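Q: Can you walk me through this model? Start with the nucleic acid side, please.

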Amino acid sequence: MNTLLSLSRRRNSFNLLNHPLLLRKFSADADPSPGIIKPDSHASAEVRLLENLRKTPQHDWPSNETLSSLLASPSVSPQSFSQITRRLGSYSLALSFFNYLETTKSQSQESLSLVFQSVIEFAGSEPDSKEKLLRLYEIAKEKNIPLTVVATKLLIRWFSRMGMVDHSVLVYEGLDSSMRNTQVRNVVIDVLFRNKRVGDAFKVLDEMLCEGSVFRPNRITGEIVFHEVWRGRILKEEEIVELISRFSVHGVAPNCVWLTRFITHLCRNARVDVAWEILSDLMKNKAPLQAPSFNALLTVLGRNMEISRMNELVVKMDEMKIRPDVVTLGILINTLCKSRRVDEALGVFQEMCGKRTDDGGVVKADSIHFNTLIDGLCKVGRMKEAEEMLLKMKTEDGCAPTTVTYNCLIGGYCIAGQLETAKEVVSRMKEDGIKPNVVTLNTLIGGMCRHHGVNMAIGFFTDMQREGLKGNVVTYTTLITAYCSVGNIENAMGLFDQMLEAGCSPDAKLYYALISGLCQARRDQDAVRVVEKLKQSGFSLDLLAYNMLIGLFCDKNNGEKVYEMLTDMEEAKMKPDSITYNTLVSFFCKLKDFESVQKMMENMREDGLHPTVVTYGVIIEAYCSAGDLNEALKLFNDMGSRSKVSPNTVIYNILINAFCKVGNLGQAMSLKEGMKEKMVRPNVETYNALFKCLNEVQQKETVFKLMDEMNQSSCEANQTTVEILMERLTSSDDLIKLKQFMQGYSVAYPGEKSFAFPCL
DNA sequence: GTAGGGTTAG
């Protein structure tokens with residue numbers, strides 16, 4: 001048989017003929033020494049037919065009686081005709097055979113079609129195949145020879161390859177509707193796509209997809225269409241979703257890689273719900289799916305910490321017998337650990353390890369799974385279990401502890417403030433032959449800063465530097481932040497310079513830490529230097545940083561720098577927010593530049609922002625301190641009516657204070673009454689302002705009334721209150737009243753304990 | 001040739 005195989009491979013270009021079954025049938029021909037393997041009797045009619053065709057010259061075929069009788073033999077099936085034609089070995093012989101059969105009219109249309117198919121097969125590899133195929137197609141039409149599915153597919157494909165896609169379409173359109181089956185349509189669609197006739201391709205596809213279609217799409221249709229959809233970017237996202245849904249009705253899913261890519265794309269563009277819908281739809285229609293597509297969705301659900309939805313999805317996977325893999329395991333335990341649900345993570349870990357996967361393997365945990373769990377345990381302070389997990393790791397195959405494992409443990413002990421134990425872990429890891437790295441260093445430094453202060457951390461860092469271990473940008477950020485938080489800006493800036501000298505590049509987080517530290521410490525000169533450095537390094541400030549800096553420069557009355565920051569923001573196409581505006585409003589208020597204040601308010605509205613209660617507070621206070629109480633009052637009235645911003649206690653206090661200061665008690669009291677109406681609670685400042693104003697003897701009754709009111713509304717007096725009242729209430733009677741007031745008794749009705757009215 | 005994931009420090 002081996003000999004036979006090799007011989008026949010050499011002789012035949014058609015793979016089909018290499019099939020052992022066919023070799024057996026045609027063994028007399030294939031074997032050079034007849035007699036070794038004898039043709040069986042069943043095949044003899046076909047074999048003899050082929051032999052006779054070969055030994056008889058073509059022009060003698062019509063007159064050869066043996067041939068005629070063999071052709072009439074019922075044992076020669078239509079399928080044999082196509083094989084016999086192929087075995088004739090050449091295009092011209094095959095065509096002659098076809099013509100011969102056609103003229104004898106001895107054969108069924110099916111046999112003729114099959115012979116014709118073999119002729120087409122030959123024509124495809126002829127030197128002038130284009131003309132030959134065109135001619136054959138003409139012949140088929142002239143002689144009314146129905147094309148077989150194979151012939152149809154070949155013609156459509158070849159015409160397209162030869163640049164005659166119109167002929168491909170003609171072939172397709174000339175077909176009987178029963179011949180336009182899934183296979184043929186798949187070829188047509190593919191050819192149309194390749195020739196950029198997208199609309200026509202979708203027309204053919206549409207008939208397959210629509211309800212009740214006879215020739216439904218199959219996996220290959222999906223392959224062709226989705227490949228093109230991705231490659232050619234011919235559809236919008238919604239259209240792709242719709243297309244997947246239409247395929248899904250027929251139980252067809254895009255292939256795993258394609259689908260996973262699309263799901264990832266949707267998730268990255270915040271279309272998680274759409275991704276979810278697609279997978280649900282496909283599951284509902286029982287389309288074949290695999291874990292990676294689900295992993296893509298689970299990843300983003302994990303990032304958003306949507307654990308219940310993740311759970312739901314895993315349950316669905318289980319129902320559909322879609323097996324989770326190692327990646328699924330990684331996503332689940334990581335998400336659970338990050339949300340501090342360590343027990344659930346351990347549960348999932350137990351349950352999934354050892355489960356079968358789609359490719360027949362077993363879900364096997366690796367070092368990273370262990371690291372994730374150990375980190376989870378350490379973050380919640382379960383150090384004993386973390387240590388046990390480390391021991392377990394050492395006994396498992398392919399799960400050797402790494403630097404990361406030990407770093408997690410060190411981090412855990414640092415969180416717990418056990419710095420000594422953390423350092424011991426460093427010794428243990430060295431004994432195990434695992435090298436500490438910069439993360440180990442940073443973890444320890446972070447722990448020291450938190451629990452023992454920055455000086456100890458600096459000492460440790462210096463020691464490590466002597467041992468040759470270099471810090472990185474994270475090391476410096478930790479230390480700089482620690483210095484800033486204790487207000488030691490000199491050392492923070494010193495470290496910044498040291499870092500630059502050491503050739504370590506600052507990153508965005510470092511710049512942010514430094515700028516926020518400098519702004520809090522009101523160090524404008526240093527801030528300017530750092531911002532310059534930041535820009536040189538190609539970084540840019542974000543809105544938060546701009547706001548901090550603008551606040552600092554406003555505070556330092558550095559209008560020039562404020563202007564520069566605003567110009568920078570504009571160039572960076574960054575819109576100020578209400579914090580930026582409030583800072584600026586407050587700046588102009590301080591300068592009593594009310595024109596600019598008005599301008600800022602206008603700009604704010606143009607930018608679609610609304611003045612807040614803070615904005616109004618700042619301006620009202622500015623008008624008050626400029627002595628323009630009318631303007632302050634006007635703005636106060638504007639608040640509620642124009643801006644629909646309700647005044648709060650702070651606003652009322654500003655005004656009450658101002659009116660009290662100029663001795664306008666009437667206006668102050670009426671504002672206080674207004675508070676009651678607006679349900680704004682007066683506080684101790686409100687009362688202090690009023691008490692200060694009530695210094696006439698005849699106003700004593702009002703003082704008492706207010707004192708009772710304070711008690712009733714549980715507004716506690718402070719040092720200032722007592723000082724003011726002591727000045728006003730000097731008689732012995734008054735002092736008794738003051739004492740009663742301090743004890744919470746009513747002063748207007750002595751002996752009666754006041755009640756607190758929570759409604760006020 | 002093509003997809004998905006998980007670990008430590010600011």
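**DNA surface and helix packing**

A: By class, the surface near DNA strand B has 12 nonpolar, 15 polar and 10 charged residues. Near means that a heavy atom of the residue lies within 4 Å of the strand. Ala, Val, Leu, Ile, Met, Phe, Trp, Tyr, Cys and Pro count as nonpolar, Asp, Glu, Lys and Arg as charged, and the others, Gly among them, as polar.

Q: What kind of model is it, and how are things numbered?
A: The model is predicted; local features need pLDDT of at least 70, side-chain atom pairs count only at pLDDT 80 or more, and totals for chains, interfaces and linings use all residues. Residues are numbered from 1 along each chain as its sequence is written, chains are lettered from A and ligands numbered from 1 in the order written, and side-chain values use heavy atoms, without hydrogens and water.

Q: Which residues are closest to DNA strand B?
A: Asp-325, Asp-366, Asn-371, Asn-407 and Asn-442, out of 37 that surround the strand.

Q: Any polar contacts there?
A: Those are pairs of N or O atoms within 3.5 Å. An N or O atom in the Asn-295 side chain is 2.9 Å from a base nitrogen of DNA strand B. For the Asn-334 side chain, the partner is a sugar or linking oxygen of DNA strand B, at 2.6 Å.

Q: How many helices and strands does chain A have?
A: Chain A has 43 helices and 0 strands. These are DSSP runs, numbered from the N terminus: helices are H or I, at least four residues; strands are E, at least two.

Q: What does the C-alpha trace of chain A span?
A: About 150 × 70 × 55 Å along its principal axes.

Q: New topic. Which residues of H4 and H6 meet?
A: Glu-46, Leu-49, Leu-50, Leu-53 and Arg-54 in H4 meet Ser-80, Phe-81, Ile-84 and Arg-87 in H6. Contact means heavy atoms within 4.5 Å. By class, this contact has 5 nonpolar, 1 polar and 3 charged residues.

Notes:
Polar contact = N/O pair within 3.5 Å; in protein donor to acceptor, adjacent residues only side chain to side chain.
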